[in-house]
Amino acid sequence: MPSYLQTESISKRIGDLILFENININIDKDRKIALIARNGAGKSSLLDILAGREEPDSGKISRMNGLKTGYLEQNPVLNEANTILNEVLHSSDEMNTVLSQYHKFVEDNDTKNLEHILSEMDRLKAWDYDSKVKQVLTRLKLDDFSKKIQNLSGGQKKRVALASVILGEPELLILDEPTNHLDLDMIEWLEDYLFESRITLLMVTHDRYFLDRVCDEIWELDEQVLYKYDGNYSKYLEKKDQRISNILSETDKARNLMRTELDWMRRMPKARSTKAKYRVNEFYNLQEKASVTIKEEKINLNVQSARLGKKVLEVKNLKKSFGDLKILNDFSYIFSRFEKIGIIGRNGTGKSTFLNMLTGKLSPDSGEVDAGQTVNFGYYTQEGIKINENEKVVEVAQSIAEIVTLSDGNKMSVTSFLNYFLFPHKTQYSYVSKLSGGEKRRLYLMTVLMRNPNFLILDEPTNDLDILTLNVLEDYLKDFSGCVIVVSHDRYFLDKIVDHIFVFEGNGVVKDFPGNYTQYRDHYEKLEAARPASTAKEKTVRQKPLTEKKKLTYKEKIEYETLQREVEELSRKKIVLEEEMNSGRFGADDLVKKSEEYGIISSNLDEKEMRWLELDEMNG
């Protein structure tokens, strides 16, 4: 299998900080590789070097002659004067040039030049490619091809850049956080596209389901060393655990041997002749092995949350529109303590607007948001806080509190607390401008939690955070003794955290699904599969709004409400049974009975959830 790219002992540092040293890399054709590391470890710098945007401080890079590389940067730079279509067709490739001219002549109604360009389109067989361009842009919700880049949001620009590198059909595709700013439908489309394509891929992403399905090799950059693991993300977790266990085992053996050697060194000081010199050398080798430690940095998020009273938050008949765009249409809900809600939906359906109304940052057109007296919101927004780049990290934290109260009642200085968030003393006195994008997000998360909230609202918290931070944040949220609302496109994160989901379907429609994301997705796919082919086709072609669907009869309404209660009750029974079967308190006979009961409940739950979803679709 041909090798596309190799490196020999490359190193990179920023000032006094060593990112990586003496790294050797080989990228073979058809491999799909993911690079993972903590924030600030040098992932983006390594991608820049491999893509030819930067040079290493030392070492060599060899690329296959004529290798066509496509690179999606974390913060891509586009031509603001271009339209979306021109931007994705901006290369000097003959096909792109002809297509770009064709669309310009059509837009200008230039019949004189159009006749010639049509023959060129035929000659190059460009019609299929033109169809592919429009298909990719449409899947990424970039339907207005003539819209100027300067009028797009940051997320839309990232999607234009993604479309551009995909349509460039490179031999080696390098992607830096490609799932940021994509909604769940887009992520699943991109996942399918990359899984099915024969393209060679190197990417940085924190999306663990994406990693697991798409990649066949994982690279981990840890303490300036690059470790390589064959297999997907699940295999990586197994092999990393095995590697650490082996190191610890070798270290224990080395320590035992070192004790023996140390005893010899102490007992026979006069025996250090030339003949015994090898024993002295061996002692120092063992000392080096025995001093090996596995540096497992972990963020401690045991911040105290304020007491939450019985009344949490009540939303009554909320309505909100922007012109013809309906965000909410008569939405009501009573939030209770300890519930954890995920919010999903296409971009532009009003998820962030909804959160801003809950926290009072935006007023509804009508309706009421009534928060309990004890509610203390912690709101982590997509935009983050406006941090002065010329401030030091410690100054940002001190502006909120000098002392942080932990969940056990103990108090900690802000400098010690920063250490828990992987900001060591040296970094604390660095300027914010020196932090990586992920480190800035981690600092922002810390400032939210320092205020001791009991109602956490997290709007896309997973963007730019590394997997280590996400793991610890997930554990913290699972045990959080307050209410949590999460807007996220990270399916793994949602599956671990939430117990039900608000689905923003557009046109003011919000549905409440009892379960996590994967459960919702499974049932949605079952519903789609159960639809008659003609109905599915009509939905694709005409896109009829949900409000035009058949309304529920009185009998169906009663069934709908009954099913909702039954689904909740069966879900609770299923959880209790799972806990009982995993407790180790029951013998074999009891476990068989409980397993049979579990199967009956699961089957019954699936059937009732399917019917509930059908009625819910009709109810709109």
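How exposed is Lys-134, in terms of relative accessible area? Lys-134 is partly exposed, with a relative accessible area of 28%. Buried here means under 20% relative accessible area, exposed over 50%, and partly exposed in between (1.4 Å probe, protein chains only).

This is a predicted model: local features need pLDDT of at least 70, side-chain atom pairs count only at pLDDT 80 or more, and totals for chains, interfaces and linings use all residues. Residues are numbered from 1 along each chain as its sequence is written, and side-chain values use heavy atoms, with hydrogens and water left out.

## The sheet

Helices (H or I, at least four residues) and strands (E, at least two) are DSSP runs, numbered from the N terminus. Two strands pair if DSSP finds at least two bridges between them.

Six strands make an open, mixed sheet, ordered β5-β6-β7-β3-β8-β9. The edges are β5 (69–72) and β9 (225–230); each has a single partner strand, so one side of each lacks a neighbour in the sheet. On average, neighbouring strands are turned by 15° against each other, direction ignored. Axes are lines fitted to C-alpha atoms, for helices over the stretch in contact, and angles run from 0 to 180 degrees between N-to-C directions.

At one edge, β5 runs parallel to β6 (residues 172–176), joined by four bridges. Thr-69 stands opposite Leu-172 of β6. At the other edge, β8 and β9 are antiparallel, with six bridges. Ile-218 has Tyr-229 in β9 as its bridge partner. Two residues lie between the strands of this hairpin, where Glu-223 takes a positive phi near 55°.

Helix α1 (residues 43–50) lies across β3 (32–36), β5, β6, β7 (200–204) and β8 (217–222). Its direction is at about 155° to β6. Contact means heavy atoms within 4.5 Å.

## Salt bridges

A salt bridge is a side-chain nitrogen of Lys or Arg within 4 Å of a carboxyl oxygen of Asp or Glu. The whole structure holds 31 of them. Three are listed below.

| Pair | Closest N and O atoms |
|---|---|
| Lys-134 and Asp-130 | 3.3 Å |
| Arg-213 and Asp-192 | 2.4 Å |
| Lys-478 and Asp-475 | 3.8 Å |

Lys-134 and Asp-130 both sit in helix α5 (residues 127–139), four residues apart, about one turn of the helix. An α-helix has 3.6 residues a turn, so residues three or four places apart point the same way. Lys-134 is partly exposed, but Asp-130 counts as buried at 7% relative accessibility.

Arg-213 and Asp-192 form a salt bridge. This pair links distant parts of the chain, 21 residues apart: Arg-213 is in helix α8 (residues 208–214), Asp-192 in helix α7 (residues 184–196). Arg-213 is partly exposed at 32%, and Asp-192 is partly exposed at 31%. Both belong to a network of salt bridges with Glu-191, Asp-207 and Arg-491.

## Helix α16

Helix α16 covers residues 467–478. At 1.5 Å a residue, its twelve residues should span 16 Å, and the end C-alpha atoms are 16 Å apart, which agrees. The expected span is 1.5 Å times one less than the number of residues.

Asp-466 caps the N-terminal end, with a side-chain oxygen 3.1 Å from the backbone nitrogen of Leu-468. Buried residues of α16 include Ile-467, Leu-470, Glu-474 and Tyr-476.

Lys-478 and Asp-475 are three residues apart in α16, about one helical turn. Lys-478 is partly exposed at 40%, and Asp-475 is partly exposed at 33%.

Notes. A polar contact is a pair of N or O atoms within 3.5 Å; within protein, one must be able to donate a hydrogen and the other to accept it, and residues adjacent in sequence count only if both atoms are side-chain atoms.
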